[in-house]
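Colleague: I am new to this model and would like a close look at one part of it, the inside. Could you walk me through it slowly?

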Amino acid sequence: MLDTLIIGGGAAGLSCALVLGSGLKKSFAKAKNVAIITHQKTSHLQNALFNNVLGIKPGTLGKDLLESGKEQLNLLYPEVLQIEKEKVISITNLESHFEIITNKNRYKALRVVVAVGYTNLINIKGLESYIEPHPQAIIEKERVWLKNNNHLITKNLYVAGTLAGGRSQFAIAAGSGAQVATDILTLWNNG
């Protein structure tokens, strides 16, 4: 049983994993375990070119940033389990925990953070009732969000990044992932 499973290895997911990883050595988080499914094939960052992001060298390619993000996570917080080459098929809320089924495995987690892109191609079973047109995009772009209140969809089910309703900027998505992580750290630390 995982405490927290992050789905998505883009800006929001990796940022969330880094912040949670930073808390795992704290006394209030000693028994916690975190994993991230780092599926990145559909990330908008694959084709991005960064010239205007604070702290990132102009001319950096998104695909390189995705790889260096996974390396950074592994270097700083190897205790965060990185699950590669798996795609989530379904999320089932079983009240006491979630069951997550991928194309290769089955996982159980107390908390889930969904941090995948905001295209209308999202096809994770169990999320259908939360999908709505994205409030920040014109309807013709067919972008979606998971209806949430400050990143919380329902108890222990979070959304981060553009799928949470933010605009498609790296810094916004990364900040959204960090916000979700700090919300979880606050829960771990009893406020």
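How many residues does the largest nonpolar core have, and which residues have the most contacts inside it?

Modeller: Happy to. Please keep in mind that this is a predicted model, where local features need pLDDT of at least 70 and side-chain atom pairs count only at pLDDT 80 or more, while totals for chains, interfaces and linings use all residues. Residues are numbered from 1 along each chain as its sequence is written, and side-chain values use heavy atoms, with hydrogens and water left out.

Now to your question. The largest nonpolar core has 34 residues, and L20 and F170 are those with the most contacts inside it. A nonpolar core here is a set of buried Ala, Val, Leu, Ile, Met, Phe, Trp, Tyr and Cys residues joined through side-chain atoms within 4.5 Å. Buried means under 20% relative accessible area, exposed means over 50%, and partly exposed is in between (1.4 Å probe, protein chains only). Four elements each supply at least two residues of this core: α1 (11-23), β2 (34-37), α2 (62-76) and α3 (170-188). Of these, α3 gives the most, with 8 residues. Such labels stand for DSSP runs numbered from the N terminus, with helices being H or I of at least four residues and strands being E of at least two.

F170 is a good place to begin. Leaving aside its neighbours within four places in sequence, F170 is in contact (heavy atoms within 4.5 Å) with A11, L45, F50, V53, I56 and L65. Apart from this core lies another one, of 25 residues, among them I83, F98, Y107 and A109.

Next, look at how α1 and α3 meet. Two packed helices are described by the angle between their axes and the distance between the axes. For α1 and α3, the angle is about 35 degrees and the axes are 7 Å apart. The axes are lines fitted to C-alpha atoms, for helices over the stretch in contact, and angles run from 0 to 180 degrees between N-to-C directions. The crossing of α1 past α3 is right-handed, the term for a near helix turned clockwise from the far one by less than a right angle, with anticlockwise being left-handed. On the α1 side, the contact is made by A11, A12, S15, C16, V19, L20 and G23. The α3 side includes F170, A173, G177, A181, L185 and W188. By class, this contact has 14 nonpolar, 4 polar and no charged residues. Ala, Val, Leu, Ile, Met, Phe, Trp, Tyr, Cys and Pro count as nonpolar, Asp, Glu, Lys and Arg as charged, and the others, Gly among them, as polar.

G21 is found in helix α1 too. With a relative accessible area of 0%, G21 is buried. Beyond its neighbours within four places in sequence, G21 is in contact with Y77, E79 and V80. From G21 you can step across to V112: these two are 91 residues apart in sequence and 15 Å apart in space, C-alpha to C-alpha.

V112 sits in strand β8 (residues 106-114) and, at 0% relative accessibility, counts as buried. Its contacts, leaving aside neighbours within four places in sequence, are L5, I7, I91, F98, I100, N156, L157 and Y158. One of these, F98, is among the residues of the other core. Another, N156, is found in the loop between β11 (152-154) and β12 (157-159) and counts as buried at 18% relative accessibility. Most residues other than glycine have a negative phi, and most peptide bonds are trans. N156 has a positive phi of about 65 degrees although it is not a glycine.

A loop residue to visit is T38, between β2 and β3 (49-50). T38 counts as buried, at 4% relative accessibility, and, outside its neighbours within four places in sequence, is in contact with G9, K70, Q82, I83 and E84. N47 lies in the loop between β2 and β3, but N47 is exposed, with a relative accessible area of 74%.

Finally, step back to the whole protein chain. It has 3 helices and 12 strands, and buried residues make up 49% of its 191 residues.
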